[in-house]
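Colleague: I should like to go through the pockets of this model and the helices around them. Could we take them one at a time?

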Amino acid sequence: RSLSAACGFATNDFLKSLLARAREDPHCCPPGGWPDGPEVVRDPSKALKRTTPIEHLMSGGAAGAVAKTVIAPADRVKILYQTNEKRSFNWRGVKRTFSTIYHNTGVSGLWRGHCATLMQVVPKSAVTYMTFDSYRQWIFQANL
């Protein structure tokens, strides 16, 4: 979960900052990389004030998709263990499961069923991150 959350929050903040910077000066973005860098973490209200609600939804949905895509192979293996009572968990078995999937279906097999997952994750993440940003801005302004 922590890897997924880290990927999600980093992607969300990066995309909001990128969108805000692109609106201000379309010629400076994206080659600048992380436009606001640590500034977004120290003072999130700057990027939040410069982003529209639609941009919040877009960046949140994309952040959820990136985070879920990063952890999808591990999730696939986890689900195989959860749905087979005869399979006992051990790390050698996990390695063997990854290897078997790769040899039988190629690298794409590790992301099998991922589109269905994204259909659920993207809208949920869009709303979740937008809500998080709204509350974060409210708390920051209230100095709580």
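**Pockets and helix packing**

Modeller: The largest pocket of this predicted model has a volume of about 490 Å³. Of the 15 residues in its lining, those closest to the centre are Ser4, Lys68, Val121, Lys124 and Ser125.

Colleague: Which helix gives the largest share of the lining of the largest pocket?

Modeller: Three helices, H1 (2-24), H4 (53-82) and H6 (114-142), each supply at least two residues of that lining. The largest share amounts to seven residues, and the helix that provides it is H6.

Colleague: How many residues of the lining of the largest pocket are charged?

Modeller: The lining of the largest pocket includes six nonpolar residues and six polar ones. The charged residues of this lining number three.

Colleague: How are H4 and H6 oriented to each other: roughly parallel, roughly perpendicular or oblique?

Modeller: The axes of H4 and H6 come within 7 Å and cross at roughly 135°. The crossing is right-handed. An angle over 115 degrees is beyond the roughly perpendicular range, and roughly antiparallel requires over 145. H4 and H6 are therefore oblique.

Colleague: Which residues of H4 meet H6, and what is the most numerous class in the contact?

Modeller: On the H6 side, the contact is formed by His114, Thr117, Leu118, Val121, Val122, Ser125, Ala126, Val127, Tyr129, Met130 and Asp133. Their partners in H4 are Pro53, His56, Leu57, Gly60, Gly61, Ala63, Gly64, Ala65, Lys68, Thr69 and Ala72. By class, the contact of H4 with H6 has two charged, eight polar and twelve nonpolar residues, so the class asked for is nonpolar.

Colleague: What is the volume of the second largest pocket, and which helix gives the largest share of its lining?

Modeller: The second largest pocket has a volume of about 210 Å³. Its lining has 13 residues, and nearest the centre lie Arg87, Gly93, Arg96, Thr97 and Thr100. Two elements, H4 and helix H5 (91-105), give two or more residues to this lining. The largest share, seven residues, comes from H5.

Colleague: How many residues of the lining of the second largest pocket are polar?

Modeller: Three residues of this lining are nonpolar and three are charged. The polar residues number seven.

Colleague: How does H4 lie relative to H5: oblique or roughly perpendicular?

Modeller: H4 and H5 pack with their axes 10 Å apart, at an angle of about 110°. Angles of 65 to 115 degrees fall in one class, which makes H4 and H5 roughly perpendicular.

Colleague: Which residues make the contact of H4 with H5, and what is the handedness of the crossing?

Modeller: H4 contributes Pro73, Ala74, Arg76, Val77, Leu80 and Tyr81, while H5 contributes Gly93, Val94, Thr97, Phe98 and Ile101. By class, this contact has eight nonpolar, two polar and one charged residues. The crossing of H4 and H5 is right-handed.

How values were computed:
Residues numbered from 1 in each chain as written. Predicted model: local features only at pLDDT ≥ 70, side-chain atom pairs only at ≥ 80, totals over all residues. Heavy atoms only, no water. 1 Å grid on protein atoms, 1.4 Å probe; cavity = no way out; pocket = protein on both sides within 12 Å on 5 of 7 lines; lining within 4 Å. Points joined across faces, edges and corners; volume = space filled by probe spheres on them. Helix = DSSP H or I, 4+ residues; strand = E, 2+ residues; numbered from the N terminus. Axes fitted to C-alpha atoms, helices over the stretch in contact; angles between N-to-C directions. Parallel < 35°, antiparallel > 145°, perpendicular 65-115°, else oblique. Left-handed = near helix turned anticlockwise from the far one by under 90°. Contact = heavy atoms within 4.5 Å.
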